[in-house]
Amino acid sequence: MTGIADQAWFRDPALGRILALLNADGGEARVVGGAVRNSLMGLPVNDVDIATTLTPEAVMERAAAGIKAVPTGLEHGTVTLVIDGKPFEVTTLRTDVETDGRHAKVAFSTDWKADAERRDLTINALYADAGGEVVDLVGGLADIETRTIRFIGDAARRIAEDHLRILRFFRFFAYYGSGRPDAEGLKACSLARSKLTTLSAERVWSELRKLLGADDPGRALLWMRQVAVLTEILPETERWGIDAIPSLIATEKALGWTPDPLLRLAAIVPPDAARMEALAARLKLSNAEAATLKAWTMAAPVDDDMSPAAFERLLYRNGADGIMTRLKLALAVARGKAEGDFDEMARSARLIKLLDRAVQWQKPRFPLNGGDVISAGVASGPRVGELLAGLEDQWVEENFVSDRAALLARLQERVQ
């Protein structure tokens, strides 16, 4: 028997209370999905989801004192029970009545096997009962052992139910898979790849961002490229390639960088402002994400031999964010070539110094503003901005040494 009763999260009194509540008087509830999977794989557990034979209304009726019931998705059978601020998502067992590749109409059920078989991947369809014993109805335990990412039943049918499962297949392979992806799943994803265009951009980008945030998404991206799934969602990668990913991942690990999906994205798409603007619009990136890509594409190239003063001028005129993205990508390339190449080793060292300087850099504040120009006798209008820009440009070229008094004197000279 396989069990998870010894896991600290499973011994949480709050979870025990909810399971006892839902298992009483003919009801049955089990922990399902990621918490069970991660425990068996020795990985951290963040969220605990529960499946139950009770209807959503019955779940809400059973919520006792100290348990808040939130109807987060009644039409899909989901109620969130909250104890001491800790949420537990409780979902009624379901069967699919109708699917169109994007949405599903479901009917509530008490059939555990039918509920398991409607899920996507075998490793995501494992349950744990109130005693901590794992219940496997679809062969997930064997796939946990071999780290195989496999669709439940017929792969093509699972994908036809929800086309996003194509990307989920590769995302879960990035996080949990080993070796070569399941051949049937790989083939089904390739054949159905055009269906990805029927999905909302938000769903596609959400799934892709999670994949790019994996500890090492390199193997998943490679297989996505092999079966043309990557080209389907990121045509920008077709001629650019993903060769930079291995050295970027190695650099991240060596230098302790936190995995950054946008940095990984920048490594596999061309640094072209117009194309990145189109990409951001197509995938409906957030304003902050789009701004990050724009800052990278608009940033000036960095000469790793440049002086500290010249680098500070570059940072002032371009902003640090875009420059740091350029430096990180350049550093990854240099480190990838550095083994046995002393020139690239030296270049890597210089790039690291520049990156450290960029991280610590604080933008100086230009001492003058438009009001100072008007106070000097210049009428409101374009000339105010022109004078201010000229003074600021000279101040930057002098490496920010002139103080307010010196700049005001220089302003007076220019308006006379």
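How much area does the chain expose, and what share of it do carbon and sulfur atoms supply? Turn on the surface of this predicted model to have the answer in view: the chain exposes about 20,100 Å², with 50% of that supplied by carbon and sulfur atoms.

Now switch to the C-alpha trace and spin it. Along its principal axes, the trace spans about 90 × 55 × 40 Å. The radius of gyration of the chain is 28 Å, whereas a compact globule of 416 residues would come in near 22 Å.

Go to the cartoon next. You'll be looking at 21 helices and nine strands. Try showing contacts too: taking those between residues at least 6 apart in sequence, 62% join residues at least 24 apart.

Time to head inside. Of the chain's 416 residues, 47% count as buried. The largest nonpolar core has 118 residues, and Val31, Phe170 and Phe311 are the ones with the most contacts inside it.

Select Val31 and see who is around. Leaving aside residues up to four places away in sequence, Val31 touches Trp9, Phe10, Leu15, Leu19, Val36, Val48, Asp49, Ile50, Leu126, Tyr127 and Ala128. Apart from the largest core there is another one, of 10 residues; pick out Ala51, Ala125, Tyr127 and Val135, which are among them. Tyr127, then, is a residue of this other core and also one that Val31 touches.

Last stop: colour by charge. The chain carries 52 positive and 59 negative side chains. Where do the centres of the two sets lie relative to each other? They are 2 Å apart.

Note on methods
Residues are numbered from 1 along each chain as its sequence is written. This is a predicted model: local features need pLDDT of at least 70, side-chain atom pairs count only at pLDDT 80 or more; totals for chains, interfaces and linings use all residues. Side-chain values use heavy atoms; hydrogens and water are left out. A nonpolar core is a set of buried Ala, Val, Leu, Ile, Met, Phe, Trp, Tyr and Cys residues joined through side-chain atoms within 4.5 Å. Buried means under 20% relative accessible area, exposed over 50%, partly exposed in between (1.4 Å probe, protein chains only). Contact means heavy atoms within 4.5 Å. Helices (H or I, at least four residues) and strands (E, at least two) are DSSP runs, numbered from the N terminus. The radius of gyration is taken over C-alpha atoms; the globule rule is 2.2 Å times the number of residues to the power 0.38. Accessible areas come from the Shrake-Rupley method with a 1.4 Å probe; for residues, only the protein chains shown count as cover. Lys and Arg count as positive and Asp and Glu as negative; His and the chain ends are not counted. The place of a charge is taken as NZ of Lys, CZ of Arg, CG of Asp or CD of Glu.
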